[in-house]
Amino acid sequence: MIEVRARLGADGVLRRVDSSGHAGTDARGRDLVCAAASVLLRTAYEALAQVPGARVEGSAPEPGTLWFSLRDYPPEGADRLRGIGDFLLTGLSGLEREHPGALKLTTERYWRE
């Protein structure tokens, strides 16, 4: 199972994501749930990093593990950042709903580092 933990700040901006595991719905390299989750997570990371003034760090130290954290951002980027987070959480939520037991999404709202 892929376990994703997403943390939102008090302003609704995605502040941190930790993801680990494999969906186990098909053979490694052919698992569509893993591929979909990977695309959503990596794209969200890259989109966050493209927001001018945003400071994002992250790593995928081994297959099946990815984390990223938004350390700082300018106030004028908050709407765009919220949109990126909403898109990611909507996509992951859909995967969780459509493939029970393959992905578990936990969202913490108003998280403080």
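Biologist: How do you know whether the span of α2 fits what is expected for a helix?

Modeller: α2 has 21 residues and reaches 30 Å from its first C-alpha to its last. The expected span is 1.5 Å times one less than the number of residues, and α2 comes close to its expected 30 Å. Helices (H or I, at least four residues) and strands (E, at least two) are DSSP runs, numbered from the N terminus. This is a predicted model: local features need pLDDT of at least 70 and side-chain atom pairs count only at pLDDT 80 or more, while totals for chains, interfaces and linings use all residues. Residues are numbered from 1 along each chain as its sequence is written, and side-chain values use heavy atoms, leaving out hydrogens and water.

Biologist: What do the buried residues of α2 pack against?

Modeller: They pack against β1, β2, α1, β4 and β5, where contact means heavy atoms within 4.5 Å. Among the buried ones are Leu81, Ile84, Leu88, Leu92 and Leu95.

Biologist: And how are α1 and α2 oriented to each other, roughly parallel or roughly antiparallel?

Modeller: Their axes come within 10 Å and cross at roughly 175°. Axes are lines fitted to C-alpha atoms, for helices over the stretch in contact, with angles from 0 to 180 degrees between N-to-C directions. Under 35 degrees counts as roughly parallel, over 145 as roughly antiparallel, 65 to 115 as roughly perpendicular and the rest as oblique. So α1 and α2 are roughly antiparallel. Residues meeting α2 from α1 include Leu40, Leu41 and Ala44.

Biologist: Why is the ring pair of tyrosine 45 and phenylalanine 68 called tilted?

Modeller: Rings of Phe, Tyr and Trp (its six-membered ring) pair if their centres lie within 6.5 Å; planes under 30 degrees apart are stacked, over 60 edge-to-face, the rest tilted. By this rule the count comes to one aromatic pair. Its centres are 5.7 Å apart and its planes at 55°, so tilted is the word. Tyrosine 45 sits in helix α1 and phenylalanine 68 in strand β4, so the pair ties together parts 23 residues apart in sequence.

Biologist: Which of the two rings' residues is buried, and which partly exposed?

Modeller: Buried means under 20% relative accessible area, exposed over 50%, partly exposed in between (1.4 Å probe, protein chains only). Tyrosine 45, at 26%, is therefore partly exposed, while phenylalanine 68, at 1%, is buried.

Biologist: What makes serine 19 buried?

Modeller: Its relative accessibility is 8%, so it counts as buried. Serine 19 lies in strand β2 and touches, among others, Ile2, Val4, Leu41 and Leu66.

Definitions and conventions: Lists of a residue's contacts leave out its neighbours within four places in sequence.
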